[in-house]
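The following exercises ask the reader to examine a protein from its overall fold down to single residues. Each task is followed by a solution in steps.

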Amino acid sequence: MKIAILNCLKANDVCTGGSCLRAFNARAKHFERYRDEKDLELVALARCNGCEAGIDKGFEEKLQYIVDAGAEVCHVGVCTVKRETGKECPVITEALARLEAQGVKVVRGTH
Ligand code: SF4
């Protein structure tokens, strides 16, 4: 089963992706649901292109890569806006809607 992870660029200031990868490899936290999955493959570990860029051409390419790579599920980390206001940022909401429209299931949460 192929999985992608999408994270907030703002979180990049302090994020190595390590906690996501650790949870993925251990099949823990939001990845626990794959505990019995024999072939679990991480096909993309992407970040948005920032609040100002929104869904620019480069971000569209990243989203398309996730689809083309055959990701069945895209896990999304908590964006900085949500962390600060409790409400998901509109850029990530739109990005996830685009993935869902192309058949990728979205799970909000990584670790
Ligand atoms: S657009 Fe959303 S997910 Fe991307 S950096 Fe801004 S708050 Fe984070």
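**Exercise 1. A residue in a loop**

Task: Determine whether arginine 27 is buried or exposed, and state where arginine 27 lies.

Solution. The structure is a predicted model. Step one: the relative accessibility of arginine 27 is 18%. Step two: a residue counts as buried under 20%. Arginine 27 is therefore buried. Step three: its location is the loop between helix H1 (18-26) and E2. Step four: the backbone deserves a remark, since phi of arginine 27 is near 50°, a positive value in a residue other than glycine.

**Exercise 2. A second residue of the loop**

Task: Carry out the analysis for lysine 29, and decide whether lysine 29 is buried or exposed.

Solution. Step one: lysine 29 is placed in the loop between H1 and E2. Step two: its phi is positive, at about 50°, although lysine 29 is not a glycine. Step three: the relative accessibility of lysine 29 is 58%, and the cut-off for an exposed residue is over 50%. Lysine 29 therefore counts as exposed, whereas arginine 27 counts as buried.

**Exercise 3. The overall fold**

Task: State how many helices and strands the protein has, and give the pattern they follow along the sequence.

Solution. Step one: the count is four helices and four strands. Step two: read along the sequence, the pattern is β-α-β-α-β-α-α-β. Step three: the contacts can be sorted by sequence separation. Of those between residues at least 6 apart in sequence, 75% join residues at least 24 apart.

**Exercise 4. Dimensions and surface**

Task: Compare the radius of gyration of the protein with the value for a compact globule of 111 residues.

Solution. Step one: a compact globule with 111 residues would have a radius of gyration near 13 Å. Step two: the protein has 13 Å, so the two values agree. Step three: the C-alpha trace spans about 40 × 30 × 20 Å along its principal axes. Step four: the accessible surface comes to about 6,400 Å², and carbon and sulfur atoms account for 48% of that surface. Step five: buried residues make up 42% of the 111 residues. Step six: for the charges, the mean positions of the 17 positive and 16 negative ones are 5 Å apart.

**Exercise 5. The nonpolar cores**

Task: Identify the residues with the most contacts inside the largest nonpolar core, and name the elements that give two or more residues to this core.

Solution. Step one: the largest nonpolar core has 25 residues, and those with the most contacts inside it are Leu6, Phe59, Ile66, Cys74 and Leu99. Step two: two or more residues come from each of strand E1 (2-7), strand E2 (41-47), helix H2 (57-68), strand E3 (73-76) and helix H4 (90-101). Step three: H4 gives the most to this core, with five residues. Step four: there is also a second, separate core of 10 residues, which includes Ile3, Ala23, Tyr34 and Leu40.

Leucine 6 serves as an illustration. Beyond its neighbours within four places in sequence, leucine 6 is in contact with several residues, among them Phe59, Leu63, Cys74, Val76, Ile92 and Leu96.

**Exercise 6. Two valines in strands**

Task: Locate valine 73 and valine 106, and list what each touches beyond four places in sequence.

Solution. Step one: valine 73 lies in strand E3, and at 3% relative accessibility valine 73 counts as buried. Step two: its contacts include Met1, Ile3, Tyr34, Val104 and Val107. Step three: valine 106 lies in strand E4 (residues 105-108), and a relative accessibility of 13% makes valine 106 buried. Step four: valine 106 touches Cys74, Val76, Leu96, Leu99 and Glu100.

**Exercise 7. A helix residue and a loop residue**

Task: Decide for threonine 80 and for glutamate 52 whether the residue is buried or exposed.

Solution. Step one: threonine 80, in helix H3 (residues 80-85), has 15% relative accessibility and therefore counts as buried. Step two: outside four places in sequence, threonine 80 touches Cys8, Lys10 and Ala11. Step three: glutamate 52, in the loop between E2 and H2, has a relative accessible area of 85% and is therefore exposed. Step four: the C-alpha atoms of glutamate 52 and methionine 1 are 33 Å apart in space, while the two residues are 51 residues apart in sequence.

Technical notes
Residues are numbered from 1 along each chain as its sequence is written. This is a predicted model: local features need pLDDT of at least 70, side-chain atom pairs count only at pLDDT 80 or more; totals for chains, interfaces and linings use all residues. Side-chain values use heavy atoms; hydrogens and water are left out. The radius of gyration is taken over C-alpha atoms; the globule rule is 2.2 Å times the number of residues to the power 0.38. Buried means under 20% relative accessible area, exposed over 50%, partly exposed in between (1.4 Å probe, protein chains only). Contact means heavy atoms within 4.5 Å. Accessible areas come from the Shrake-Rupley method with a 1.4 Å probe; for residues, only the protein chains shown count as cover. Lys and Arg count as positive and Asp and Glu as negative; His and the chain ends are not counted. The place of a charge is taken as NZ of Lys, CZ of Arg, CG of Asp or CD of Glu. A nonpolar core is a set of buried Ala, Val, Leu, Ile, Met, Phe, Trp, Tyr and Cys residues joined through side-chain atoms within 4.5 Å.
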